[in-house]
Amino acid sequence: MALAIPFGLVQKIIERLGSTAFKEIGSIWGVKDELEKLKNSVSTIQAVLLDAEEQQDKNHQVEDWLMKLRDAVYDADDLLSYFSTEELRRKVMGGDEMAKKVRTFFSSSNQLTFGYKMNGKIKVIRGRLDAIASDRNKFQFVERPLRKRVVTRERDQTHSFKPDEKVFGREDEKETIIDMLLNIDEEDQNVSFISIVGIGGLGKTTLAQYVYNDERVKTYFELQMWVCVSDVFNVKEIAEKIIESATGTKLGNLEMERSANYTSRELNQKKYLLVLDDVWNENREKWSELEGLLIGGSKGSKVVITTRSRLVAKITSTISPYFLKGLSKYESWSLFKQMAFEKGQVTIDSKLEEIGMGILEKCCGVPLAIKTIGSVLYFKETEEWSNFKDQELTNVTQEENDILPVLKLSYDNLPSHLKCCFAYCSLFPKDFKIPKSILIQLWIAQGFIRSSDETQQLEDVANKYCMDLYWRLLNLQNLKLSRCRKLKELPRDIQKLISLKHLEMDYCESLTHVPCGISQLTSLQTLKLSECGNLKELPRHIQNLVSLRHLEIYRCYSLSYMPCGIGRLTSLQTLSLFVVSKEDHAASSSKHCGGLAELNKLNNLRGELCIKNLAWVTDATSEAKATNLKEKQHLRSLELSWDSEDNNGTYVSDDENLLEGLQPHHTLKKLNVSGYRGVSFPSWLPSVIGLVILKISNSMCQHLPPLCQLPSLRELFLNNMTSLEYIIRTEKSLMRNTSFKPLQETMAMTMNMSATSSLPSSSSSSPPLSKLKSLTLEGIQDVESLPEELLQNLASLEYLRIWECPRLKSLPRFMQHLTSLKVLDIRECEELDLFSEESDDGTQCVTTLQELHISVDHRLITLPKWIGNVTPLQRLKIWFCPNLTSLPEGIGSLTSLQFLGIRGCPNLISLPEGIGNLTSLQKLVIINCPHLKERCQEGIGEDWHKIAHIPDVSILGLLD
């Protein structure tokens with residue numbers, strides 16, 4: 001950013017020196033003449049400031065001249081402030097007249113002494129300013145009057161493209177990138193890396209967003225994440241951002257090891273898409289460190305990198321980079337017209353078109369430059385276009401692939417009072433987010449804000465400055481107020497932003513209402529309000545937002561109803577939450593509450609939809625039918641929540657009728673039903689043949705339809721289903737706080753179905769549960785052992801978690817059949833004996849295991865010998881085994897082990913000598929193991945020689 005002289009401060013100095021108050025001060029202190037001379041010196045320089053500022057980019061001597069001037073102006077302002085303070089102190093001194101005279105005579109503010117001292121300081125500053133003013137002559141500056149301040153004005157929509165258009169002139173590029181994401185995979189890698197390369201302002205980020213939000217992409221990838229990387233490439237911070245994007249949860253400042261673990265866990269075996277936006281890092285080692293965290297995804301996962309650097313693309317890309325080019329001449333002109341002319345203006349003067357085409361040659365097809373220059377010219381009168389092209393644009397010196405000189409023209413055309421405010425923002429790091437209220441305070445403190453109206457608050461003036469900058473530099477197409485945690489209401493002028501298309505206010509924790517004025521933003525396409533936990537209602541006249549396509553209200557827990565008229569927004573594609581009012585129908589009408597019928601015509605809804613408070617639906621049959629969910633073919637995830645603590649039999653019939661009427665389209669991928677009080681599931685469930693994930697929780701349901709008729713079902717989650725009688729085969733199963741009986745009966749039933757050919761032919765050929773990849777048994781009270789005859793077909797199982805099964809006594813021999821098992825996690829199983837003959841015979845054959853977590857409380861004294869046979873093991877965690885006294889020497893055979901964690905084992909006396917053989921071990925963590933803490937002290941502990949070769953050792957006590 002070029003050096004900006006605070007014109008407001010210069011003008012303030014001139015106004016203060018010319019004021020009656022300062023003339024009186026000058027007379028009192030005997031410096032009136034010097035203050036007048038100072039005023040003249042500042043006025044002489046002020047006249048040439050505009051010309052000097054424009055010349056500084058082409059003349060470093062001018063830049064140096066401005067630097068000296070800025071320093072002198074700030075010193076002059078400090079001196080005048082000191083004058084004002086002393087005068088104020090003189091006036092407020094109290095006491096009787098004699099005491100006042102004595103105090104004045106002997107104080108440091110004695111008139112003669114103080115006046116003499118101030119007179120000298122004024123002369124010094126005036127001398128500096130006179131020297132600066134004299135130097136101006138050698139630069140031949142032209143005197144120009146300050147531009148008249150332009151206040152924020154209302155204007156009609158500046159863009160003429162249709163509301164459903166998101167990006168201009170990038171459709172072909174979008175399709176190419178999507179094709180690369182969906183159809184190109186590397187044979188030897190699960191995760192592929194693609195770079196989008198181009199100069200600043202070409203629209204790399206916009207293109208990535210365009211692709212990221214395409215419905216085909218959303219359907220293809222199981223998980224999507226977006227991380228803005230920018231200048232600082234910190235692997236730990238990037239990992240934390242990935243976790244936050246994946247889970248919606250912001251973790252605290254974690255150690256690198258934990259950040260890496262969380263990241264790997266979230267991405268593990270998922271087909272994901274990760275966008276790393278604005279990458280500048282050209283250090284191959286740093287990239288390799290991050291890359292190591294990303295390679296755990298399933299086949300088809302992609303990482304998209306946007307960057308200006310070809311070297312970054314060379315380092316990161318495993319697929320040929322995509323080099324983004326500028327817009328064509330036709331596309332450039334179309335975009336320019338939208339920015340530079342009034343909405344709806346069809347006829348354009350041929351002379352203006354000729355001038356405009358000449359201007360576009362300097363923009364090189366770069367959308368940001370085109371939009372910026374178009375915005376500048378929107379504020380110009382017609383006759384000023386030619387002068388802009390022939391003078392201001394002609395003076396631009398531009399190198400290849402450099403658009404900054406063109407963009408600077410928008411800065412040069414700012415009024416003087418806005419230049420300083422805008423330039424001040426350059427002090428903050430790139431992508432830094434600063435609340436507007438704080439920025440305004442800083443502007444005022446710097447003296448940038450002034451008002452000729454003494455009754456007007458400087459904060460109000462500064463707010464207008466902000467709005468003016470929005471109009472000029474941001475075109476008010478996008479406005480982001482995310483994470484403004486103290487924002488309780490929107491700015492009063494929000495309804496003036498009639499060209500606004502994208503408004504983000506997510507994570508505004510204090511926001512309680514959205515003003516009705518927002519309904520005047522008829523061009524608004526996206527409204528993000530997710531994670532606004534205190535938001536109580538949406539705008540009542542929401543039906544006026546006729547262009548709205550995306551209403552994101554995920555986790556807005558305080559919403560108690562949906563406004564009437566929301567069903568008229570037939571362009572709506574995203575509606576993450578629909579809340580049924582808990583009020584009775586009459587009260588709901590008076591409150592402008594809309595019922596389930598509002599969903600009837602919203603057949604363009606895509607992605608996810610959660611319907612809450614279904615327990616409060618009064619006319620189950622008719623309202624359910626009115627939702628018309630069966631016609632919403634683009635929905636991929638549906639959550640139906642009853643949200644009621646009343647689980648008696650009174651509502652069984654209503655709930656069954658309601659769920660029967662909420663039949664989704666057969667292409668639905670994920671269904672989550674919570675709090676359902678019916679006995680049976682609806683008959684339509686087997687018809688949802690595209691269903692991949694089914695979750696049912698907190699339900700009194702006793703039996704499900706034949707899930708074997710769902711050919712795509714891979715994951716089944718059952719939680720708090722104590723009355724359930726059977727379940728059917730899936731690829732991922734989680735049972736929590738249920739009985740083990742349904743699994744046994746389901747297996748028997750599945751076998752009978754297979755025998756009688758009642759299963760689809762494509763399924764009957766594979767053994768029961770043969771596709772199961774993940775199995776979690778948690779809080780199962782009635783299981784003593786895992787029956788081999790029922791679970792012997794788990795050849796695809798990769799993840800087995802057994803938590804809080806108090807009666808489980810042994811791991812069965814069937815474990816030898818788990819030829820794909822990678823993760824075994826056993827915790828809080830009080831009766832489990834890892835040394836039983838059955839456990840030993842089974843687990844010794846698990847040779848594919850990569851991660852083992854053991855926490856079996858009091859029964860474990862030492863680890864079983866079979867652990868030494870699991871040579872592929874990479875991570876071993878031994879937690880909360882209070883009676884554990886030793887580790888077997890066989891642990892030294894785990895040559896692939898990279899991480900060893902021991903926690904809460906107070907009786908573990910020492911480490912085995914075999915630990916010294918673990919050459920792959922990178923990190924050792926010991927927590928609350930007092931004997932080991934003493935024996936492993938660096939350099940002096942008895943066991944230190946066993947672990948000295950490990951790069952990262954952390955040994956902590958209970959209170960560390």
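Me: Which residue stands opposite Phe578 in β14?

Reply: A bridge partner is read across from one strand to its neighbour. In this predicted model, Phe578 faces Ile611 of β14. The pairing behind that position joins strand β12 (residues 577-579) to β14 in the parallel sense, over three bridges.

Me: And how many bridges join β14 to β15?

Reply: Five bridges link strand β14 (residues 607-612) to β15, and the sense is again parallel. Two positions can be located by eye: Cys610 is opposite Glu639 in β15, and Glu608 has Ser637 of β15 as its bridge partner. To get from β14 to β15 the chain passes through helix α24 (residues 620-627), and this β-α-β crossover is right-handed.

Me: Which strand pairs with β15 besides β14, and over how many bridges?

Reply: Strand β16 (residues 670-674) pairs with β15 in the parallel sense over five bridges. Leu638 has Leu671 in β16 as its bridge partner.

Me: Why is β15 described as largely enclosed by the rest of the structure?

Reply: Burial is counted residue by residue, and the strand is then judged on the count. Strand β15 (residues 635-641) has seven residues, and five of them are buried, so the strand is largely enclosed by the rest of the structure.

Me: Now the sheet with β1. In what order do its strands lie?

Reply: Sheet order is spatial, and it is read from one edge to the other. Here five strands make an open sheet with parallel pairing, in the order β2-β3-β4-β1-β5. At the edges are β2 (223-230) and β5 (322-323); each has a single partner strand, so one side of each lacks a neighbour in the sheet.

Me: How many bridges hold β1 and β4 together, and in which sense do they pair?

Reply: Strand β1 (residues 191-197) and strand β4 (residues 301-307) are joined by seven bridges in the parallel sense. One position to look for is Ile194, which stands opposite Val304 in β4.

Me: Which helix lies across β1, β2, β3 and β4?

Reply: That is helix α9 (residues 204-212), and β3 in this list covers 272-279. The angle is taken between N-to-C directions, and for α9 against β2 the value is about 170°.

Me: What is there to notice about the backbone at Gln269?

Reply: Check the sign of phi, then the residue type. Gln269 is not a glycine, yet its phi is positive, about 60°. Its place is the loop between α12 (256-267) and β3, and Gln269 is partly exposed at 35% relative accessible area.

Glu804 can be read in the same manner. Glu804 has a positive phi of about 55° and is not a glycine either. Glu804 sits in the loop between β21 (799-803) and β22 (823-827), and is partly exposed with 35% relative accessibility.

Me: How many disulfides does the whole structure contain?

Reply: The test is a distance between cysteine sulfur atoms, with a cut-off of 2.5 Å. The search of the whole structure finds zero disulfides.

Me: Why is there no bond at Cys425?

Reply: The closest cysteine sulfur to that of Cys425 belongs to Cys421 and is 7.9 Å away, which is too far for a bond. Cys929 is in no disulfide either: its nearest cysteine sulfur, in Cys905, is 4.9 Å away.

Me: Are these two cysteines buried or partly exposed?

Reply: The limit for buried is under 20% relative accessible area. Cys425 is partly exposed at 29%, whereas Cys929 is buried at 2%.

Me: How far apart are Met339 and Lys371, in sequence and in space?

Reply: Sequence separation and spatial separation are read separately. Met339 and Lys371 are 32 residues apart along the chain, with their C-alpha atoms 6.0 Å apart. Met339 belongs to helix α15 (residues 329-340) and is buried, at 2% relative accessibility.

Me: What share of the contacts across the chain joins residues at least 24 apart?

Reply: Among contacts between residues at least 6 apart in sequence, the share is 66%.

Me: What are the overall figures for the protein chain?

Reply: The chain has 31 helices and 27 strands. Of its 960 residues, 50% are buried. The accessible surface is about 44,300 Å², and carbon and sulfur atoms account for 48% of that area.

Notes: Residues are numbered from 1 along each chain as its sequence is written. This is a predicted model: local features need pLDDT of at least 70, side-chain atom pairs count only at pLDDT 80 or more; totals for chains, interfaces and linings use all residues. Side-chain values use heavy atoms; hydrogens and water are left out. Buried means under 20% relative accessible area, exposed over 50%, partly exposed in between (1.4 Å probe, protein chains only). Two strands pair if DSSP finds at least two bridges between them. Helices (H or I, at least four residues) and strands (E, at least two) are DSSP runs, numbered from the N terminus. Contact means heavy atoms within 4.5 Å. Axes are lines fitted to C-alpha atoms, for helices over the stretch in contact, and angles run from 0 to 180 degrees between N-to-C directions. Accessible areas come from the Shrake-Rupley method with a 1.4 Å probe; for residues, only the protein chains shown count as cover. A crossover is right-handed if, with the strands pointing away from the viewer, the path from the first strand over the helix to the second runs clockwise.
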